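My notebook is open, and I am going through this entry one lookup at a time. Here is what I wrote down, in the order I looked.

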Amino acid sequence: MNLLITGGAGFIGGNFVHYMVNKYPEYNIIVLDKLTYAGNIETLEPVIDKITFVRADIADRDAVYQIFECEKPDIVVNFAAESHVDRSIENPEIFLVTNILGTQVLMDACRKYGIKRYHQVSTDEVYGDLPLDRPDLFFTEETPIHTSSPYSASKASADLLAQAYHRTYGLPVTISRCSNNYGPYHFPEKLIPLMIANALNDKLLPVYGKGLNVRDWLYVEDHCKAIDIIIHRGRVGEVYNIGGHNEKSNIDIVKIILKLLGKPESLITYVADRKGHDMRYAIDPTKIHNELGWLPETKFEDGIVKTVNWYLENKPWWEKIISGEYMDYYAKMYENR
Ligand code: NAD
Ligand code: TYD
């Protein structure tokens with residue numbers, strides 16, 4: 001089996017590469033990644049001898065076609081994306097190029113060279129948000145697409161395109177829409193790793209607005225397991241929601257992290273809210289459970305301890321990131337907030 005994983009040097013893609021290398025040592029795994037600011041080849045270091053790594057842009061048609069010609073993938077799993085909402089608010093364009101056109105190029109290559117499955121890794125953010133005062137509401141696969149940020153709009157566009165390629169050209173597509181992930185190798189611009197890194201450095205922890213926005217957190221390995229099941233047993237043309245009914249407000253997450261690290265809550269600082277900030281995400285995972293038997297295995301209380309410990313034990317991985325060009329981004333986004 002030739003498995004092409006795009007965006008495999010990022011957070012979830014990297015975890016998925018580790019998971020698949022260990023679970024399927026007989027597979028030929030090819031990782032395609034542009035190594036943007038969010039991609040880190042060091043994430044793949046433990047498995048680098050067991051994969052083929054190609055640095056390329058999914059929106060570069062010639063490069064992508066060449067990789068398909070050489071590697072002849074049977075299954076393609078597309079994680080490659082610009083993934084940070086705040087960056088999409090500052091500059092949407094690269095989100096449209098990578099997330100929409102890049103997806104199109106990959107699917108064109110799949111049509112041209114033939115594949116058994118193209119899997120699009122999407123997000124619950126395509127459904128927009130839910131109100132805080134309706135805890136009975138959840139996103140199902142039937143919830144209408146209703147995006148808020150340039151990021152979610154670009155991901156929704158890619159989903160619609162994938163469904164169009166399935167219906168129009170018969171491309172064997174599946175789509176998964178997962179809630180917020182956390183775990184090892186998470187880039188420290190996202191909430192959980194940013195708060196861990198800042199707390200460890202006794203820096204202020206910037207909470208947007210009142211910190212009441214709710215996210216539905218899933219340990220990254222559970223997401224990887226769900227994708228593994230979908231690419232092998234999921235029905236072609238279907239969308240599967242992935243989430244573990246683990247809703248928490250941002251302020252609660254930040255307080256849990258401070259407690260685990262033995263740091264004071266006085267490090268919390270409330271800053272200007274994100275524009276168009278989604279209030280609540282909450283996934284109904286009934287379909288993937290009933291059809292494919294998937295259930296999350298890691299409880300939040302355990303997953304967050306594992307995550308904090310990983311950041312404590314892998315300081316060189318993230319310290320290198322926060323000492324580099326990322327600091328310019330941090331200064332721009334937070335200094336006048
Ligand atoms: P990430 O930002 O950590 O990693 C993205 C990876 O894609 C990086 O390695 C980057 O170098 C690569 N990349 C970016 N542009 C590229 C291009 N043009 N060509 C090739 N490679 C490129 O993102 P992540 O958090 O790991 O998310 C992975 C996927 O999962 C994304 O599609 C995202 O929308 C989706 N998703 C993320 C979450 C989450 O909580 N992080 C939740 C649901 C879905
Ligand atoms: P994030 O990790 O960027 O994921 P997403 O926006 O895709 O859900 O943010 C998670 C939540 O944390 C979101 O409600 C915004 C909030 N947040 C902060 O309060 N402060 C921060 O510095 C960051 C990065 C996020």
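**Entry 1: ligand 2**

I began with Asn250, where a polar side-chain atom lies 2.8 Å from an oxygen atom of ligand 2. This is a predicted model, so I keep in mind that each distance here is computed from predicted coordinates.

I looked for other polar partners of ligand 2 and noted Arg215, which has a side-chain N or O atom 2.7 Å from a ligand oxygen. The backbone takes part too: an N or O atom of the Leu191 main chain lies 2.9 Å from an oxygen atom of ligand 2.

How much of the accessible area of ligand 2 does the protein cover? I found 97% of the 510 Å² that ligand 2 has on its own.

Next I asked which elements give two or more residues to the shell around ligand 2. They are helix H6, residues 191-200, and strand S8, residues 205-208.

I then listed the neighbours. The shell of ligand 2 holds 19 residues, and the closest are Glu125, Arg215, Arg274, His277 and Tyr334. By class, I count nine nonpolar, five polar and five charged residues in that shell.

**Entry 2: Arg274**

Arg274 is among the closest residues to ligand 2, and I stopped to see where it sits. Arg274 is in the loop that runs between strand S13 (268-271) and helix H9 (286-292).

Is Arg274 buried or exposed? Its relative accessibility is 16%, so I log Arg274 as buried, the cut-off being under 20%.

I also checked a pairing that is distant in sequence. Asp86 is 188 residues from Arg274 along the chain, yet their C-alpha atoms are separated by 7.4 Å.

**Entry 3: ligand 1**

I moved on to ligand 1 and started with its nitrogen. A nitrogen atom of ligand 1 is 2.8 Å from a side-chain N or O atom of Asp57.

On the oxygen side, I found two backbone neighbours. A polar backbone atom of Thr36 is 3.0 Å from an oxygen atom of ligand 1, and a backbone N or O atom of Leu35 lies 3.4 Å from an oxygen atom of the ligand.

What share of ligand 1 does the protein bury? Taken alone, ligand 1 exposes 830 Å², and the protein buries 97% of that.

The shell of ligand 1 has 28 residues, with Ile12, Asp33, Ser83, Tyr151 and Lys155 coming nearest. I sorted the shell as 13 nonpolar, 11 polar and four charged residues.

Which elements each supply at least two residues of this shell? My list reads helix H1 (11-23), strand S5 (117-123) and helix H5 (150-169). S5 has the largest share, with three residues.

**Entry 4: strands S1 to S4**

H1 led me to its neighbours in the chain, since S1, H1 and S2 make a right-handed β-α-β unit.

I looked at S1, residues 2-6, in more detail. Five of its five residues are buried, so I describe S1 as largely enclosed by the rest of the structure. Which residues of S1 lie on each side? I have Asn2, Leu4 and Thr6 on one face and Leu3 and Ile5 on the other, and both faces are covered.

S1 pairs with S2 (residues 28-33) in the parallel sense over five bridges. I wrote down two of the matches: Asn2 has Asn28 as its bridge partner in S2, and Leu3 has Ile29.

S1 also pairs with strand S4 (residues 75-78), again in the parallel sense, over four bridges. There, Ile5 has Val77 as its bridge partner.

Then I followed S2 outward. S2 and strand S3 (residues 51-55) are parallel partners over five bridges, and Leu32 is matched with Val54 in S3. Five of the six residues of S2 are buried, so I note S2, too, as largely enclosed by the rest of the structure.

**Entry 5: Lys225**

My last lookup was Lys225, in helix H7 (residues 220-233). Its relative accessibility is 16%, so I count Lys225 as buried.

Which side chain does the side chain of Lys225 contact? I found a polar contact of 2.7 Å with the side chain of Glu297.

Notes:
Residues are numbered from 1 along each chain as its sequence is written. Chains are lettered from A and ligands numbered from 1 in the order in which they are written. This is a predicted model: local features need pLDDT of at least 70, side-chain atom pairs count only at pLDDT 80 or more; totals for chains, interfaces and linings use all residues. Side-chain values use heavy atoms; hydrogens and water are left out. A residue is near a molecule or strand if one of its heavy atoms lies within 4 Å of it. A polar contact is a pair of N or O atoms within 3.5 Å; within protein, one must be able to donate a hydrogen and the other to accept it, and residues adjacent in sequence count only if both atoms are side-chain atoms. Accessible areas come from the Shrake-Rupley method with a 1.4 Å probe; for residues, only the protein chains shown count as cover. Ala, Val, Leu, Ile, Met, Phe, Trp, Tyr, Cys and Pro count as nonpolar, Asp, Glu, Lys and Arg as charged, and the others, Gly among them, as polar. Buried means under 20% relative accessible area, exposed over 50%, partly exposed in between (1.4 Å probe, protein chains only). Two strands pair if DSSP finds at least two bridges between them. A crossover is right-handed if, with the strands pointing away from the viewer, the path from the first strand over the helix to the second runs clockwise.
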